[in-house]
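These are my notes from going through the model, one residue at a time. I wanted to look up backbone angles first and then a helix position.

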Amino acid sequence: MRKLSVVGLSLAVAVGGFIAGRLAPSTASSPATQASRGRAIRHYGCPMHPTVKSDRPGAAPCCGMALEPVHEGGLGVTPGGPARPAGTVAIDAGLRQLQGVKVGAVEMAPTTQSLRLFGRVAPDETRLYSVNAAMEGSIQELSGVTSGSFVRADQWLGAFFSAEMRSALQSFITALDVIDLDPATRITSGLTVVAGSTPNRNALFVVERLRGMGMSTKQLEEVRRSRSIPIAIDIRAPAAGLVLARSVTPGQKFEKGMEWFRIANLDRVWILADLLEGDAPLARPGATATVTVPGRPEALIAVVSKVPPQFDAASRTMKVRLELDNPGALLRPDMYVDVALTVERPAAVTVPADAVLDSGLRKTVFVEVEEGVYQPRAVETGWRAGERVEVVRGLQAGERIVLSGTFLVDSESQLRQAAGGPANAAAGPAAPPAVHAGAAKDPICGMEVDAATAAAAGLTAGHQGRHYAFCSASCRARFLAAPGAFASASGHGALEARAEARP
């Protein structure tokens, strides 16, 4: 019984303390509350429905939540100061820390990137051999070599017959007989040679003629030894390699110039890799690349050829040639391989990929204009290397942007824009001509700005009958210093402005 009394007393004390804490006035205020002191209340709004506004405190009619005061300057707008573009948002330090919002500087530096390419194996054209017919004839015999067979240098491939070989072989044997005679015997026998030549040179001439007609060195040596004319002439492999094509059959008649066999030496091969046209200048001669075959662990090192990349109309890509040794003929012609080419891109303005919000039609980053205040800015991007993206327009090196937590900042920005945004500052005494609402491009930096916002902030200027809007006072000052250098004849960045009577 005593235990129950103690427990009941403890609960009563806890509940009483809680009620007292709720009813007692707070002696400590949050940073946001301290920051709001001394500022006039603009209106009261619902934190969940920004479109709900009231001139007095109360409850939101849609959800019943208590309306919170919205102070002047609560979104980074200083009364009497320049207006900022729509979507500018201020986030207190506590919320930034809770949501992981991080800010960093925009960098300009060279970037090393590994390009993943799709490649195809091709035989080295300097190691490609074609065995052709030098005259008319017929195939007498063929070996079992077919397309896809590997052959050795000087391996017997077959034999052919040609009547034209007989006269050339007879000349060769006659030249050998003349060489064997001593000079006195030649004179006695009345044998002479062509002027400007010798028996040995005549024999060499006939040998080269026979080689051109398809006779192998081995068979020439046999004719030299036996001094007899063979009926069939051997066909032998000119080099070791892979037979790419066999175009003859036993007994087939052939004409001069017909290809019998085509052989590729695979000790060294080419890789033809597809490269985007914009990346072609990055493939510098001598650069190394790693070549792998899908499904195999072996990795080979290739080198970019000195030959410039060639455009392929079928794939609309640039074909970059890589050269590499091929031990064991691991790579065969027409095989597909994966290529990892390491390239170095020149210095450029880059940001983390997570910092860019891509809606499909527009790419946006949030620039820190002061601590805790972020301004949306449209940018144009270029290449992407890993987790970094090139920004070709809209940012400068050194500017600070939101790197992480971008979606939180964007959602806050969208809510502020839905509620009317912070861009409605009082117009100064020398207000510029009113303009139609809409987007315009800053002629200095190319950033998209809201026409009405720029006009309200005094960030417009005229030149040769056209009006221009600017994102900042610095861009406007640069334009006024040399308007002719930035105002193109087509009116790039100009506003369709019309003067309106102001009250």
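Is Asp154 buried, partly exposed or exposed? I worked from a predicted model, and there I found Asp154 to be partly exposed, with a relative accessible area of 38%. The value falls in that class because it is neither under 20%, the cut-off for buried, nor over 50%, the cut-off for exposed. I placed Asp154 in the loop between strand E9 (150-151) and strand E10 (156-161), and I noted that its phi is near 70°, a positive value in a residue other than glycine. I had checked the angle with the usual pattern in mind: most residues other than glycine have a negative phi.

Next I turned to Ala329, which also is not a glycine and has a positive phi of about 50°. I located Ala329 in the loop between strand E19 (317-325) and strand E20 (336-352). Its relative accessible area is 14%, so I entered Ala329 as buried, the cut-off being under 20%.

My last entry concerns a helix. Which residues is Leu220 in contact with, leaving aside its neighbours within four places in sequence? I listed Phe172, Val207, Leu210, Arg211 and Met215. Leu220 itself is found in helix H7 (residues 217-226), and at 4% relative accessibility I counted Leu220 as buried. I also looked up the separation between the C-alpha atoms of Leu220 and Ile233, which is 10.0 Å for two residues that are 13 residues apart along the chain.

Conventions. Residues numbered from 1 in each chain as written. Predicted model: local features only at pLDDT ≥ 70, side-chain atom pairs only at ≥ 80, totals over all residues. Heavy atoms only, no water. Helix = DSSP H or I, 4+ residues; strand = E, 2+ residues; numbered from the N terminus. Buried < 20%, exposed > 50% of the residue type's maximum accessible area, 1.4 Å probe, protein only. Contact = heavy atoms within 4.5 Å.
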